[in-house]
Amino acid sequence: MSERIALDLLDPKAVRKRARTVAIGALIVAAAFGGLLGLLAGRTAGLVTAAIFAVPLLMLAWSEARRRVWLEGHVLSVRAFGTRSVDLHTADQLDLLVTDVRGARTVGLFVRGGGKAINLALAIYAGTGGREQGILPLRTLADVLAGRGDAPGLVFSELLVAQLRAEARGLPAADRPLYKLGSLAPTGRLAQKLNPDAISRFVATLDQP
């Protein structure tokens, strides 16, 4: 039986704390809007408005608190309300997805297969620092992706190996491949996929001195 490797980029305690903050904020916003409309249109309208604002945000907070990501063999899985799994060996789409939220950029491996999609966060950068997946997760991911035997798999495998080498050499975050790729994405967009050809060209330069 294959070992299950956790791929949660953030500490679960920190995630739960952030989810509680979101939940509290949701209740405050819902109460404010509900109270205002309640004064203008009556108690029932106020309660309905509060529920409209609160329920989606509370569901989002609950989902974030429960979210766990792991790799077992060559199957990537994520759990929130339910569990989604994608076989990395047979996935029909591999992309690098960059999200930009309040100055923090997340570089993720977006995979799609079997009608399901997962965005695996590889690193989060803010300024010149950040948080990255550990050595074992990156090494295992690189091996699994190389095992696909196709060009996209090999490109992403080489990218992760280059990231590991940069970490082993003690390079600062700004000089590591994932940071550099994340910096290529234009600002002002919440989420965007990097061009596969641009990624291939970038990875090809990593072998050069």
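What percentage of the 209 residues in the protein chain is buried? In this predicted model, buried residues make up 39% of the chain. With that in hand, let us walk through the fold together.

Start with the overall inventory. The protein chain has 6 helices and 9 strands. Among its contacts with a separation of 6 or more, 52% are between residues 24 or more positions apart. As for the outside, the chain exposes about 11,600 Å², and carbon and sulfur atoms supply 60% of that area.

Now to the sheets. One of them is an open sheet of 4 strands in the order β1-β2-β3-β4, paired antiparallel. At its edges stand β1 (4–6) and β4, each with a single partner strand, so one side of each has no neighbour in the sheet. On average, and with direction ignored, neighbouring strands here are turned by 25 degrees against each other.

It is worth following the pairings in this sheet strand by strand. Strand β2 (residues 68–72) runs antiparallel to strand β3 (residues 75–79), and 5 bridges join them. Two of the facing positions are easy to find in the viewer: Trp70 stands opposite Ser77 in β3, and Leu71 has Leu76 of β3 as its bridge partner. The hairpin of β2 and β3 has 2 residues between the strands, and in this hairpin Gly73 takes a positive phi near 70 degrees.

Moving on from β3, we come to another hairpin, which leads to β4 through 3 residues. Again the strands run antiparallel: 5 bridges join β3 to strand β4 (residues 83–87). Here Arg79 has Thr83 in β4 as its bridge partner. As general background, strands of a sheet pair through backbone hydrogen bonds, either parallel or antiparallel.

A helix also belongs in this part of the picture. Helix α3 (residues 135–146) lies across β1 and β2, and runs at about 125 degrees to β1.

Next comes an open sheet built from 5 strands, in the order β8-β7-β6-β5-β9, with antiparallel pairing. Its edge strands are β8 (129–132) and β9 (191–193), each of which pairs on one side only. The twist from one strand to the next averages 30 degrees. Within this sheet, β6 and β7 run antiparallel and are joined by 10 bridges. One pair to look for is Val111, which stands opposite Ile118 in β7.

From the strands we can turn to helix packing. In general, two packed helices are described by the angle between their axes and the distance between the axes. For helix α4 (residues 151–168) and helix α5 (residues 177–184), the axes come within 8 Å and cross at roughly 120 degrees. That angle makes α4 oblique to α5. On the α4 side, the contact is made by Leu159, Ala162, Gln163 and Ala166, while α5 contributes Pro177, Leu178 and Leu181. What is the chemical character of the residues of this contact? They divide into 6 nonpolar, 1 polar and no charged.

Helix α5 also links this region to the sheet of 5 strands. Its buried residues include Pro177, Leu178 and Leu181, along with Tyr179 and Gly182. Which elements do the buried residues of α5 pack against? They pack against β5 (93–101), β6 (104–113), β7 (116–126), α4 and α6 (196–205). Among these partners, β5, β6 and β7 are strands of the sheet ordered β8-β7-β6-β5-β9.

Let us finish with a single residue, Val203, which lies in helix α6. Is Val203 buried or exposed? Its relative accessibility is 3%, so Val203 counts as buried. Leaving aside neighbours within four places in sequence, Val203 is in contact with Val155, Glu158 and Leu159. Leu159 is a residue we have already met, as part of the α4 contribution to the contact with α5. Ala162, another residue of that contact, lies 41 residues from Val203 in sequence, and the two are 8.4 Å apart in space, C-alpha to C-alpha.

Notes: Residues numbered from 1 in each chain as written. Predicted model: local features only at pLDDT ≥ 70, side-chain atom pairs only at ≥ 80, totals over all residues. Heavy atoms only, no water. Axes fitted to C-alpha atoms, helices over the stretch in contact; angles between N-to-C directions. Parallel < 35°, antiparallel > 145°, perpendicular 65-115°, else oblique. Contact = heavy atoms within 4.5 Å. Nonpolar A, V, L, I, M, F, W, Y, C, P; charged D, E, K, R; others polar. Pairing = 2+ DSSP bridges. Buried < 20%, exposed > 50% of the residue type's maximum accessible area, 1.4 Å probe, protein only. Areas by Shrake-Rupley, 256 points an atom, 1.4 Å probe, with all protein chains shown as cover.
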